[in-house]
Amino acid sequence: MGEVKILVLESSTTSAKAMVYSSVHGALCMKAKAYKGVGEDITKHDARAVFEQTMALGKEIASGHSIDAIALSGTWHSVMLAEMDGTPVTPVCLWSNTEA
């Protein structure tokens, strides 16, 4: 089997992170960008904004690479209610939210 390139995406508490990882050469490139416009309450995030910013960073870092697989990760635990089609109904309540 030849080289496999994996696009790794993480939606963390404060930023989107992306890496292209090669099975032969290890990490080829990595980048993180702080979220913008995800909400004023640091214990809640706008799900659509987090998704869009994470996907944009993934697209940016994957440019010029032939990606064979994608790995997704999130930090800590979070909860969000969604419609049956995945459309967010509530903000993402992060691990630091104490409203419950």
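**A question to start with**

Leaving aside its neighbours within four places in sequence, which residues is Thr43 in contact with? Keep Thr43 in mind as you look around, since we return to it under the last heading. The structure above is a predicted model, and every value in this report was computed from it.

**The chain as a whole**

Let's begin with the overall picture. The protein chain has 100 residues, and 28% of them count as buried. It contains 1 helix and 6 strands. If you walk along from the N terminus, you meet these elements in the order β-β-β-β-α-β-β. Taken along the principal axes, the box filled by the C-alpha atoms is roughly 50 × 30 × 20 Å.

The outside can be described with numbers too. The accessible surface of the protein chain is about 6,700 Å², and carbon and sulfur atoms account for 59% of it. As for charge, there are 8 positive and 11 negative side chains, with the centres of the two sets 8 Å apart. Contacts also tell us how the chain meets itself: among those between residues at least 6 apart in sequence, 50% join residues at least 24 apart.

**Three strands side by side**

Now find strand 2, which covers residues 15–22. This strand is mostly covered, with 6 of its 8 residues buried. Strand 1, residues 5–11, pairs with strand 2 in the antiparallel sense over 7 bridges. The link from strand 1 to strand 2 is a hairpin of 3 residues.

Strand 2 has a partner in strand 3 as well. Strand 3 spans residues 26–34, runs antiparallel to strand 2, and is joined to it by 8 bridges. Here, too, a hairpin makes the connection, through 3 residues.

Ala18 is a handy place to see both pairings. Leu9 stands opposite Ala18 of strand 2, while in strand 3 the bridge partner of Ala18 is Lys31. You can also look for Ala16, which stands opposite Lys33 in strand 3.

**The nonpolar core**

In soluble globular proteins, nonpolar side chains tend to be buried together. In this model, the largest nonpolar core has 12 residues: Leu7, Leu9, Ala16, Ala18, Val20, Tyr35, Val38, Ala49, Val50, Leu57, Ile61 and Ala62. Strand 1, strand 2 and helix 1 (47–62) are the elements that give two or more residues to this core. Helix 1 provides the largest share, with 5 residues.

Leu9 is a good core residue to click on. Not counting residues up to four places away in sequence, Leu9 touches Lys17, Ala18, Thr54, Met55, Gly58, Ile70, Ala71, Leu72 and Ser73.

One residue touched by Leu9 is Thr54, found in helix 1. Is Thr54 buried or exposed? Thr54 is buried, because its relative accessible area is 4%, and the cut-off for buried is under 20%. Beyond its neighbours within four places in sequence, Thr54 is in contact with Leu9, Glu10, Ser11, Ala16 and Tyr35.

**Two residues to compare: Thr43 and Trp95**

Back to Thr43, which sits in the loop between strand 3 and strand 4 (44–45). Once its neighbours within four places in sequence are set aside, Thr43 is in contact with Val92, Cys93, Leu94, Ser96 and Asn97. That settles the opening question. Thr43 has a relative accessible area of 16%, so this loop residue counts as buried. The C-alpha atoms of Thr43 and Pro91 are 9.6 Å apart in space, although the two residues are 48 apart in sequence.

Trp95 lies in the segment after strand 6 (92–93). Its relative accessibility is 39%, so Trp95 counts as partly exposed. Leaving out residues up to four places away in sequence, Trp95 touches Thr13, Trp76, His77 and Ser78. Try finding Gly39 as well: Trp95 and Gly39 are 56 residues apart along the chain, and 15 Å separates their C-alpha atoms.

Notes
Residues numbered from 1 in each chain as written. Predicted model: local features only at pLDDT ≥ 70, side-chain atom pairs only at ≥ 80, totals over all residues. Heavy atoms only, no water. Buried < 20%, exposed > 50% of the residue type's maximum accessible area, 1.4 Å probe, protein only. Helix = DSSP H or I, 4+ residues; strand = E, 2+ residues; numbered from the N terminus. Pairing = 2+ DSSP bridges. Core = buried A, V, L, I, M, F, W, Y, C linked by side-chain atoms within 4.5 Å. Contact = heavy atoms within 4.5 Å. Areas by Shrake-Rupley, 256 points an atom, 1.4 Å probe, with all protein chains shown as cover. Lys, Arg positive; Asp, Glu negative; His and termini not counted. Charge placed at Lys NZ, Arg CZ, Asp CG, Glu CD.
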